[in-house]
Amino acid sequence: MAEAELQLSASQHQLTGTLKMAVPIETGQLVLARVVADYLQSHPDLKVDMELTNRVVDPITEGLDCIIRIGESDDTSLVSRRLWLTERLLCASPSYLERVGVPSHPVQLEEHERIFVRSSLLSPRWVFEREGERVLIEPKSRFKVNNITCAREAAKAGLALASLPAMLCREELASGALVPLLSEWRQPPVPIYLLCPERRFMPRKLRTFIDYLIERRDEYAIDRLI
């Protein structure tokens with residue numbers, strides 16, 4: 001009888017069902033895939049259905065448990081938890097810099113072209129900060145795209161400047177395929193949030209996943225995965 005009670009108690013604490021989420025493409029590929037893989041190995045009866053997309057997702061209307069979103073959100077119908085901050089680096093290929101020149105100050109970016117990463121959650125202007133000085137700049141662009149990996153590849157090909165998450169260009173910087181620019185200036189880091197519908201009782205599968213992310217976010221810090 002005691003053994004049966006222990007088995008019943010254990011089964012009651014096991015997570016079951018399907019956790020549904022939507023994640024930005026690059027964040028899913030570089031971060032959440034590993035997080036979910038580790039998490040599922042600890043919960044063999046749980047399933048995860050993860051959509052990778054760069055569109056703005058409403059978890060309420062789409063019946064999702066949670067979403068990961070890059071950038072700030074003012075949606076009061078969602079509960080948010082900040083997971084990480086991702087640094088951004090201004091980069092260009094050696095061929096572009098040889099053709100156009102190397103900027104020494106953000107105001108000179110007006111004379112350059114950029115690859116515009118289109119997102120409703122990110123400002124169209126670039127911001128550079130240094131010792132109390134703040135410069136907002138919006139260089140011209142002939143190429144707009146909603147995918148940061150595509151922007152990186154276009155920058156590597158020599159098309160224009162790109163402001164890229166550090167997690168996405170470390171290999172290119174190490175190999176010399178991309179060159180960092182204005183390194184004495186800092187672009188404000190971009191936050192990455194987990195958002196979920198506000199509800200009185202949060203499902204255990206979601207509560208446990210959020211706790212897992214929060215407790216181990218340093219382990220899964222973006223720079224550590226590169």
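## Strand pairing and the β-α-β unit

In strand 2, Lys-47 is the bridge partner of Thr-18. This pairing belongs to a predicted model. Strand 1 (residues 17-23) and strand 2 (residues 46-52) run parallel and are joined by 7 bridges. Together with helix 2 (residues 25-42), these two strands make a β-α-β unit that is right-handed.

## Helix 6 and its surroundings

Helix 6 covers residues 204-215 and has 12 residues. From its first C-alpha to its last it reaches 16 Å, close to the 16 Å expected at 1.5 Å a residue.

The buried residues of helix 6 are Lys-205, Leu-206, Phe-209, Ile-210, Tyr-212, Leu-213 and Ile-214. Several of these positions can be read against the geometry of a helix. An α-helix has 3.6 residues a turn, so residues three or four places apart point the same way. The elements against which the buried residues of helix 6 pack include the three parts of the β-α-β unit, namely strand 1, helix 2 and strand 2. They also pack against strand 3 (66-70), strand 4 (78-92) and strand 11 (187-197).

## The nonpolar cores

The largest nonpolar core has 24 residues. Those with the most contacts inside this core are Leu-32, Val-35, Trp-84, Leu-194 and Phe-209. Two or more residues come from each of strand 1, helix 2, strand 3, strand 4, strand 11 and helix 6. Helix 6 gives the most, with 6 residues.

Val-35 illustrates these contacts: leaving aside residues up to four places away in sequence, Val-35 touches Phe-209, Tyr-212, Leu-213 and Tyr-220. Among these partners, Phe-209, Tyr-212 and Leu-213 are buried residues of helix 6. A second, separate core has 14 residues, including Val-145, Ala-162, Met-167 and Leu-178.

## Helix 5

Helix 5 spans residues 166-175, and its buried residues are Ala-166, Met-167, Leu-168, Cys-169 and Glu-172. One of them, Met-167, is also part of the second core. The buried residues of helix 5 pack against helix 2, strand 4, helix 4 (148-156) and strand 9 (162-165). Just after helix 5, Gly-176 takes a positive phi of about 90°.

## Salt bridges

The structure holds 13 salt bridges. One of them links Glu-87 with Arg-186, whose closest N and O atoms are 3.7 Å apart. Glu-87 lies in strand 4, while Arg-186 lies in the loop between strand 10 (179-180) and strand 11, so this pair ties together parts that are 99 residues apart in sequence. Glu-87 is partly exposed, at 31% relative accessibility, and Arg-186 is likewise partly exposed, with a relative accessible area of 41%.

Another salt bridge joins Glu-129 and Arg-134, with the closest N and O atoms 3.0 Å apart. Glu-129 counts as partly exposed at 27% relative accessibility.

## A salt-bridge network

The side chains of Arg-152 and Glu-153 also meet in a salt bridge, at 3.0 Å from N to O. Arg-152 is buried, because its relative accessibility is 15% and buried means under 20%. Glu-153, at 35%, counts as partly exposed.

This pair is part of one network, in which salt bridges that share partners join Arg-152, Glu-153, Lys-156 and Glu-172. Within this network, Glu-172 is a buried residue of helix 5.

Note on methods
Residues are numbered from 1 along each chain as its sequence is written. This is a predicted model: local features need pLDDT of at least 70, side-chain atom pairs count only at pLDDT 80 or more; totals for chains, interfaces and linings use all residues. Side-chain values use heavy atoms; hydrogens and water are left out. Two strands pair if DSSP finds at least two bridges between them. Helices (H or I, at least four residues) and strands (E, at least two) are DSSP runs, numbered from the N terminus. A crossover is right-handed if, with the strands pointing away from the viewer, the path from the first strand over the helix to the second runs clockwise. The expected span of a helix is 1.5 Å times one less than its number of residues. Buried means under 20% relative accessible area, exposed over 50%, partly exposed in between (1.4 Å probe, protein chains only). Contact means heavy atoms within 4.5 Å. A salt bridge is a side-chain nitrogen of Lys or Arg within 4 Å of a carboxyl oxygen of Asp or Glu. A nonpolar core is a set of buried Ala, Val, Leu, Ile, Met, Phe, Trp, Tyr and Cys residues joined through side-chain atoms within 4.5 Å.
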